[in-house]
Amino acid sequence: MKLSDQAYMKMALSLARRGLGLTWPNPAVGCILVSDGRIVGRGWTQPSGRPHAETVALAQAGERAKGATAYVTLEPCAHYGQTPPCSEALIKAGIARVVVAMQDSDKRVSGRGFEHLRAAGIMVETGLCAQKAAELNAGFFLRTETGRPFLTLKLALTLDGRIATRTGDSQWITGAIARREVHMMRARHDAVLVGAGTARADDPSLTVRGLGISQQPTRIVAAQGLNIPRDGTLARTASDIPVWLCHGASAPVEQQAEWRTLGAKLIACESSDAGLDPNSMLQTLGSHGLTRIFCEGGGSLAASLLQADLVDRLVIHTAGVVIGGDGRAGVAPMGQDILAHVARLKLVSHRKLGVDIEHIWERGQL
């Protein structure tokens, strides 16, 4: 049975998702090559962004690529970087038709890839599954257009919105299935972010575990004064798995030097008496190439990001537990007085995760 263009594009999108969290600063792209109704090549952007999806698929297809149709989730690049442009590779391989989900927002490409292909006599069709492709690389597009990465905030809460008891006990609010899902979400992001309070209280590793994944996300702590343990898990593993520390100008020079010796990357951000400026922090992290950040709190960091309207996706895992008003709130005070002035999020999905419930919310304009 001959498959439709849409079916092949869905396959390409599925391949592209394999690169999420691995390809930054490049987008995660998938490519399928089809000749006479048969798939002759498949590829997706490899870790660190090279080689590109088209290059991998063409290498697999070899001579069979001549006269084939290429289904690509993003406009083939048209500029010279570490490798020649993918548009040129498609032309040299003799591809007859290219079906692309959407145009690249990178100014170095942005339509030039299409022009290059059409000038070579290749039929180019665009817009197929464009919405899905835009959602897939929302982080890449956001960083290209605004300078900052896409930010997902995840909170594990009791029914009454608490993240810990009054003594700070928080392990574990949610069950094993929800915690496994968190590891899967970490794996699909470039970096995991927590506040200094969480780093002090939980001594987290912030790694992906139990999924057979070797490449780990970058681990980031927002710590204005670098007041986090230098003998904890993050410090002990900083030379093996990247640790970035976002700090303010007041961070002691001696502690900065010690963290660098441990293997951490120090990132200076604008700050005030209220703490690190969240806009400055995300812009700076974007300038270092990050496109997708997964924030796991705590309450103060969550509040600052929400107040600054920087949370693109909010994931809530709710457990069937009630702690009471003396428990620690999932989000710190935000000084909201008038309900009508509070931004409302859009519910995009909900499901059961074992004994817990997951709700995913997004900003209204997404």
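Contact here means that heavy atoms lie within 4.5 Å of each other. The structure is a predicted model, and the values below are computed from it.

## Thr-318 and strand β15

Thr-318 belongs to strand β15, which covers residues 313–318. Its contacts, with neighbours within four places in sequence left aside, are Leu-157, Thr-158, Leu-159, Asp-356 and Ile-357. Thr-318 has a relative accessible area of 18%; buried means under 20%, so Thr-318 counts as buried.

Ala-156 is located in strand β6. Leaving aside neighbours within four places in sequence, Ala-156 is in contact with Arg-162, Ile-163, Ile-173, Thr-174 and His-317. From Ala-156 to Pro-84 the C-alpha to C-alpha distance is 45 Å, with their positions 72 residues apart in sequence.

## The chain as a whole

The protein chain contains 12 helices and 18 strands. Its radius of gyration is 22 Å, close to the 21 Å that the globule rule gives for 366 residues, so the chain is as compact as a globular protein of that length. The C-alpha trace spans about 70 × 45 × 40 Å along its principal axes.

Of the 366 residues in the protein chain, 50% are buried. Among contacts with a separation of 6 or more, 72% join residues 24 or more positions apart. The exposed area of the protein chain is about 17,200 Å², and carbon and sulfur atoms supply 51% of that area. As for charge, the protein chain carries 40 positive and 33 negative side chains, and the centres of these two sets are 6 Å apart.

## Nonpolar cores

The largest nonpolar core consists of 40 residues, and Met-9, Leu-33, Ile-95 and Val-98 have the most contacts inside it. At least two residues of this core come from each of α1 (5–17), β1 (30–35), α2 (53–61), β3 (69–72), β4 (97–100), α4 (112–119), α5 and α6. Helix α1 gives the most, with 6 residues.

Residues up to four places away in sequence not being counted, Leu-33 touches Arg-38, Ile-39, Val-40, Gly-41, Ala-57, Leu-58, Ala-61, Ala-65, Thr-69, Ala-70 and Ile-95. Another core, of 27 residues, lies apart from the largest one; Ala-191, Leu-282, Leu-290 and Leu-305 are among its members.

## Helix α6

Helix α6 runs over residues 138–146, and its buried residues are Gly-139, Phe-140, Phe-141 and Leu-142. These buried residues pack against α5 (130–136), β6 (150–157) and β14 (292–295). Gly-147, just after α6, has a positive phi of about 95°.

## Backbone geometry in loops

Most residues other than glycine have a negative phi, and most peptide bonds are trans. The table lists exceptions found in the model.

| Site | Feature | Value | Loop |
|---|---|---|---|
| Trp-24 and Pro-25 | cis peptide bond | omega about 10° | Pro-25 between α1 and β1 |
| Gly-297 and Gly-298 | cis peptide bond | omega about 5° | Gly-298 between β14 and α12 (299–307) |
| Asp-203 | positive phi | phi near 45° | between α8 (196–202) and β9 (218–222) |
| Asp-309 | positive phi | phi about 60° | between α12 and β15 |

How accessible are Asp-203 and Asp-309, buried or partly exposed? Asp-203 has a relative accessibility of 37% and counts as partly exposed. Asp-309 is also partly exposed, with a relative accessible area of 41%.

## Gly-49

Gly-49 sits in the loop between β2 (38–44) and α2. Its relative accessible area is 0%, so Gly-49 is buried. Apart from neighbours within four places in sequence, Gly-49 is in contact with Leu-22, Thr-23 and Asn-26. Gly-49 and Arg-219 are 170 residues apart in sequence, and their C-alpha atoms are 19 Å apart in space.

Conventions. Residues numbered from 1 in each chain as written. Predicted model: local features only at pLDDT ≥ 70, side-chain atom pairs only at ≥ 80, totals over all residues. Heavy atoms only, no water. Buried < 20%, exposed > 50% of the residue type's maximum accessible area, 1.4 Å probe, protein only. Helix = DSSP H or I, 4+ residues; strand = E, 2+ residues; numbered from the N terminus. Rg over C-alpha atoms; globule rule 2.2 N^0.38 Å. Areas by Shrake-Rupley, 256 points an atom, 1.4 Å probe, with all protein chains shown as cover. Lys, Arg positive; Asp, Glu negative; His and termini not counted. Charge placed at Lys NZ, Arg CZ, Asp CG, Glu CD. Core = buried A, V, L, I, M, F, W, Y, C linked by side-chain atoms within 4.5 Å.
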